[in-house]
Amino acid sequence: MYWSKTLIPTTREAPADAKIISHQLMIRAGLVRRLSAGVYDWLPLGWRVMQKICTIIREEMNRIDAQEVHLPAIVPADLWKQTGRYQDYGPLLFKLKDRKNSEMILGPTHEEIITELVRACISSHKQLPLTLYQIQMKFRDEARPRNGLLRVREFLMKDAYSFHSSLESLHDVYQAMYQAYVNIFQRCGVPAIPVEAESGPIGGDASHEFICPCDAGEDVVVQAEDGSYAANLERATRQLPALQSFSQAPASTQAATERIFTPNAASIDDVCALLKCRPTDMIKTLVFQKAADGPPQWIIAAVRGDHDVNESKLRRLAGPLELADEAKAKAAGFAIGFVGPDVINTVPAKLYVDPDALALTAAVTGANERDYHIRGFNWRQHIGASQADSVIVADIRNVTASDHAPNGSALSLKKGVELGHVFKLGTKYSDALQAVYADDKQQNHSMIMGCYGIGPGRIIVGVLETLSDADGIRWPMSIAPYHVVITPIKYEGQAKELADQLHAALADQGLDVLVDDRDQRPGVKFKDADLIGIPLRLVLGEKGLAQGQVELKQRTSAKPELVPLAEVVQRVVNLVRTPS
């Protein structure tokens with residue numbers, strides 16, 4: 001390929017809305033172009049990278065006997081209503097109606113569609129296990145698309161689904177898929193940490209995320225310093241205190257309780273400033289409601305003032321819930337902003353207490369009346385004996401850097417980008433859609449499922465965020481849009497003839513070659529080559545050619561080397577096929 005014949009709209013300046021490195025470089029290097037909020041054109045360089053990533057994914061999927069399919073992007077809403085996800089996804093769904101007024105959606109993921117397909121085609125345990133995958137566009141109506149490919153409305157995803165007649169079979173395929181993901185990320189040259197994760201709206205009882213550590217990430221990875229433990233923040237646990245039941249709550253260390261007027265002090269910081277106390281002296285109390293028909297069922301969560309409630313952990317204990325509707329909560333008797341744990345003495349509710357909050361003996365907390373707090377709160381004193389059965393002590397908070405892993409190792413927290421996610425789904429979708437198989441006694445059972453997703457665009461983000469430098473992109477050889485760029489100082493005479501010969505010779509060896517045949521100054525050509533990140537650059541200059549040499553510059557090396565013309569093709573081929 002010749003530079004003058006392809007579309008590579010490089011630019012020196014990134015758009016003002018590009019806040020993270022990957023977004024800036026994708027625009028500056030001409031990989032993508034923004035069409036509208038969260039929707040991008042993929043340009044030739046970017047799409048070449050995407051296709052190379054997809055090739056690696058296909059090779060690893062085929063290696064574990066997964067079969068590729070292509071499912072519709074426009075899907076009937078009725079299938080989503082049968083599984084309950086039509087409501088769960090809510091405004092994230094792109095919804096439309098056809099000319100017959102049938103309601104459709106643009107698929108944000110394909111569990112329902114693949115389950116319907118397998119339900120129609122599979123009937124016997126002899127046809128299982130089965131793993132199908134596709135690489136296809138997904139659509140999600142994100143409220144605030146941002147950060148380039150990190151939060152978009154249309155994106156390419158590889159999604160795979162496995163179907164089983166036993167948990168043992170699911171486990172075997174899950175492990176094979178897990179290893180395939182490890183292989184994919186290694187081959188793409190992007191760092192990826194496997195961590196325990198929440199299944200979220202996909203569902204299921206076990207899952208792992210693969211996270212690329214970088215400051216631009218929206219996820220938080222929790223790791224033990226000794227390498228023994230890793231989880232995302234939603235899932236991460238810690239070495240728990242000894243207090244594990246309400247009966248273990250310590251006695252008060254303060255003679256009396258003081259009720260204090262705290263006008264408009266509805267936050268932890270406001271109260272601390274007013275009462276000259278610390279967040280570690282406070283109990284933070286949040287009100288949730290369970291999703292149910294009829295009157296709300298109230299769930300109260302209490303954590304220490306310097307901690308945050310982990311809603312995923314709370315949901316695992318209490319079931320589906322959401323932060324309370326303020327108007328409904330006030331009508332039920334909750335003084336939102338001034339709620340204390342002892343509100344369960346007057347309002348029927350279930351109280352979940354984190355062990356660190358239970359350890360406080362004379363805490364500051366809400367007085368269950370607007371503009372009032374109390375100092376000297378004690379669990380034994382303020383929670384009536386008749387309410388003890390309504391109190392559950394459990395880990396319901398986010399871990400922090402001051403916590404320790406379950407084995408006692410120190411923990412660290414770092415941001416990261418999710419590249420892929422694997423789930424053990426169980427029978428959530430097969431139950432809802434009646435996808436069954438007959439066993440050897442002709443008894444029907446719901447198929448057991450697994451689900452496995454990778455975002456090829458997220459892999460690109462991970463590479464740009466972690467492997468780039470001040471001059472631009474540094475592509476791993478395996479996914480670079482071109483392996484080598486041939487840069488004649490002037491594309492004329494001997495340099496032109498040699499550039500064309502090298503292009504043909506390297507292409508014959510199966511390499512992807514770009515010739516910079518533009519009428520530009522050498523400095524412009526070199527800067528553009530560094531910006532778009534081609535791993536190898538061959539510079540053809542008059543002085544070197546006169547000596548029978550070509551300058552070879554690796555994108556990751558500080559200095560070039562001079563290579564004899566007779567050896568340059570083999571030298572480049574060796575570097576491409578056995579990159580360092």
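**Salt bridges and helix packing**

Trainee: Is D512 buried or exposed, or in between?
Mentor: D512 has a relative accessible area of 21%. Buried means under 20%, exposed over 50% and partly exposed in between, with a 1.4 Å probe and protein chains only. D512 is therefore partly exposed.

Trainee: What kind of model is this?
Mentor: Residues are numbered from 1 along each chain as its sequence is written, and side-chain values use heavy atoms, with hydrogens and water left out. Local features need pLDDT of at least 70, side-chain atom pairs count only at pLDDT 80 or more, and totals for chains, interfaces and linings use all residues, for this is a predicted model.

Trainee: How many helices and strands does the protein chain have?
Mentor: Helices (H or I, at least four residues) and strands (E, at least two) are DSSP runs, numbered from the N terminus. The C-alpha trace of the chain spans about 95 × 65 × 50 Å along its principal axes. Its secondary structure comes to 17 helices and 29 strands.

Trainee: What share of the chain's residues count as buried?
Mentor: The chain has 580 residues. K52 is a buried one, with a relative accessible area of 16%. The buried share for the chain is 51%.

Trainee: Which residue forms a salt bridge with K52, and how far apart in sequence are the two?
Mentor: A salt bridge is a side-chain nitrogen of Lys or Arg within 4 Å of a carboxyl oxygen of Asp or Glu. D512 is the partner of K52, with the closest N and O atoms 2.6 Å apart. D512 sits in the loop between helix 14 (493–508) and strand 26 (513–515), K52 in helix 2, and the separation is 460 residues.

Trainee: How far apart in sequence are the parts that D354 and R397 tie together?
Mentor: The side chains of D354 and R397 meet in a salt bridge at 3.6 Å, N to O. D354 lies in the loop between strand 17 (350–353) and helix 10 (355–358), and R397 in the loop between strand 20 (391–393) and strand 21 (411–426), so the pair joins parts separated by 43 residues.

Trainee: Which residues join D354 and R397 in one network of salt bridges?
Mentor: D354 and R397 are both buried. Salt bridges that share partners link them into one network with R238, K313, D356, D395 and D403.

Trainee: How does helix 2 run relative to helix 6?
Mentor: Axes are lines fitted to C-alpha atoms, for helices over the stretch in contact, and angles run from 0 to 180 degrees between N-to-C directions. Under 35 degrees is roughly parallel, over 145 roughly antiparallel, 65 to 115 roughly perpendicular and the rest oblique. Helix 2 (residues 44–63) and helix 6 (residues 167–188) pack at about 150°, with axes 10 Å apart. That makes the pair roughly antiparallel.

Trainee: How do the residues of the contact between helix 2 and helix 6 divide?
Mentor: Contact means heavy atoms within 4.5 Å. Ala, Val, Leu, Ile, Met, Phe, Trp, Tyr, Cys and Pro count as nonpolar, Asp, Glu, Lys and Arg as charged, and the others, Gly among them, as polar. Those in helix 2 include I53 and R63, and those in helix 6 include M177 and C188. The split is nine nonpolar, one polar and four charged.

Trainee: How do helix 14 and helix 17 lie to each other?
Mentor: The axes of helix 14 and helix 17 (residues 568–577) come within 10 Å. They cross at roughly 45°. The two helices are therefore oblique.

Trainee: Which residues of helix 17 make the contact with helix 14?
Mentor: Helix 14 contributes L502, A505 and L506. The contact divides into seven nonpolar, no polar and no charged residues. On the helix 17 side stand V568, V569, V572 and V573.
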